[in-house]
Amino acid sequence: MTTDDESPLDDAPLDAAAMLALSTGQQKRVSSQFVRPVVTMLGAWGVAWLVGFLALWLALESSAPFTVPIAVAGPVFGILIVGAIVLSIVIGSRMSRGVRGSSVFSGAVYGWTWSIASFAVFLIGQSLVNAGMPVELSMLYYPTTYGLVAGMLYLAGAALWVDKTQLFLGLWIIVVSVASSFAGTPTNLLFMSLLGGGGFIVGTVAVLIRTRAARRG
Amino acid sequence: MAELDPVIHAQARLRIMATLATLDDDGSIAFPRLQELLDMTAGNLSTHLRKLEDAGYVAQDKAFRGRTPITYVYSTKQGKRAFEDYMDQLRELLGGTP
């Protein structure tokens, strides 16, 4: 299959069952090529939330098994979240490279919505801090609002790509974010870490298992 | 039972049509990306695309990114129908309902 001329092997038909398998196998191969980057993206968000929020909780909870200085936990959280955002943008822009069609527009709008909405959460928080919101309250505001935005974006993704994994993940993230705000701070950070970050990781594994199963046909 | 369409009934061309069928209705794919998804050499892919083009199943469209020309490949309406018919015929041959 590597000669520049047409190889006779390529041109030869197989029996009906093998040809059917060849066609469906190729389509599965194409869709797994498009799904694989999503797995990396979900996994990165899982690690960022799990480790980042856990570091913040360890820094602020006095009864935690051990403590981490906030001077370490803050930057760790920031680097992980910014890293996940950058990775998502890079992966998102490479995913549909070389492909044209209406779904490419949907994908681009969706990708940009993540950045715009995340930045809006940050700006609104800043305006509330400027208006006198105490630090403890901001520790409730940021995770919960950001979690709500992330959950709704997964629901939008579920609608766009008719994907049930994103539907469940979106609902789960919204439930965890809202419930965590009732837990008070800093316990809400532990909620976001274990249940939110854990949710992303379970979602990653679910997509992996599904694509593996599909590849085996 | 009608004969299987000889244009599609070849491994390489069936894989090309199957790949193009995964695109949006109005979608097309750049030649290098298609080559990557099929794991075929440029020469081999061109040869098979020409045969599909001669049958009216595939069309190409040149676009420019800056000054670099990019060829986009897509399945025509006729090509989409032919691929669907071919797959139905295969399933029928195998005893399933089309």
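Let's start with one pair of residues: Ala59(B) sits opposite Tyr74(B), a residue of β3(B). That pair belongs to a predicted model with two chains, A and B. Strand β3(B) is part of an open sheet of four strands, and the sheet takes in strands from both chains. Here's a tour, beginning with that sheet and working outwards.

**The shared sheet**

- The strand order is β1(A)-β1(B)-β3(B)-β2(B), and the pairing is antiparallel.
- Which strands stand at the edges? They are β1 of chain A and β2 (58-65) of chain B; each has a single partner strand, so one side of each has no neighbour in the sheet.
- Strands β2(B) and β3(B) pair through eight bridges, in the antiparallel sense.
- Besides Ala59(B) and Tyr74(B), this pairing puts Phe64(B) opposite Pro69(B) of β3(B).
- These two strands, β2(B) and β3(B), make a hairpin, with two residues between them. Look for Gly66(B) in the turn: its phi is positive, at about 65 degrees.
- Moving along the sheet, β1(B) is joined to β3 (residues 68-75) of chain B by two bridges, and these strands run antiparallel.
- In that pairing, Ile29(B) faces Val73(B) of β3(B), while Ala30(B) has Tyr72(B) as its bridge partner.
- Then there's a helix to spot: α2(B) packs on the sheet and touches β1 of chain A as well as β1 and β3 of chain B. The direction of α2(B) makes about 90 degrees with that of β1(B).

**Where the chains meet**

- The link in the sheet between the two chains is made by β1 (residues 99-100) of chain A and β1(B), which run antiparallel and are joined by two bridges.
- Within that link, you'll find Arg100(A) opposite Ser28(B) of β1(B).
- How many residues of each chain are in contact with the other chain? The count is 30 for chain B and 29 for chain A.
- On the chain B side, five elements supply at least two residues each: α1 (11-20), β1 (28-30), α2 (31-38), α3 (42-54) and α4 (77-93).
- The biggest giver on that side is α1(B), with six residues.
- Sorted by class, the side of chain B that touches chain A has 15 nonpolar, 10 polar and five charged residues.

**Two crossing helices in chain B**

- The axes of α1(B) and α3(B) come within 10 Å of each other and cross at roughly 80 degrees.
- With that angle, α1(B) counts as roughly perpendicular to α3(B), because the range for that label is 65 to 115 degrees.
- Who meets whom? From α1(B) come Ala12(B), Arg13(B) and Ile16(B), and from α3(B) come Asn44(B), His48(B), Leu49(B), Lys51(B) and Leu52(B).
- By class, this helix contact is made of four nonpolar, two polar and two charged residues.

**Each chain as a whole**

- Chain B has four helices and three strands, and from the N terminus its elements go α-β-α-α-β-β-α.
- Taken along the principal axes, the C-alpha atoms of chain B fill a box of roughly 50 × 25 × 20 Å.
- Chain A has seven helices and one strand, in the pattern α-α-α-β-α-α-α-α along the sequence.
- Is chain A compact or spread out? Its radius of gyration is 22 Å, well over the 17 Å that the globule rule gives for 217 residues, so chain A is more spread out than a compact globule.
- The C-alpha trace of chain A spans about 75 × 35 × 30 Å along its principal axes.

**How confident is the prediction for chain A?**

- Chain A has a mean pLDDT of 87, with 93% of its residues at 70 or more.
- Confidence in chain A is highest in helix α6 (residues 164-183), at a mean of 93, and lowest in helix α1 (residues 8-11), at 62.
- Over residues 1-6 of chain A, the pLDDT is below 50; this stretch has 13 contacts in the model beyond near neighbours in sequence.
- Where pLDDT is low, don't read the predicted coordinates in detail.

Terms used
Residues are numbered from 1 along each chain as its sequence is written. Chains are lettered from A and ligands numbered from 1 in the order in which they are written. This is a predicted model: local features need pLDDT of at least 70, side-chain atom pairs count only at pLDDT 80 or more; totals for chains, interfaces and linings use all residues. pLDDT is the predictor's confidence in each residue, from 0 to 100. Two residues are in contact if their C-beta atoms, placed from the backbone, lie within 7 Å. Ala, Val, Leu, Ile, Met, Phe, Trp, Tyr, Cys and Pro count as nonpolar, Asp, Glu, Lys and Arg as charged, and the others, Gly among them, as polar. Two strands pair if DSSP finds at least two bridges between them. Axes are lines fitted to C-alpha atoms, for helices over the stretch in contact, and angles run from 0 to 180 degrees between N-to-C directions. Angles under 35 degrees count as roughly parallel, over 145 as roughly antiparallel, 65 to 115 as roughly perpendicular and the rest as oblique. The radius of gyration is taken over C-alpha atoms; the globule rule is 2.2 Å times the number of residues to the power 0.38.
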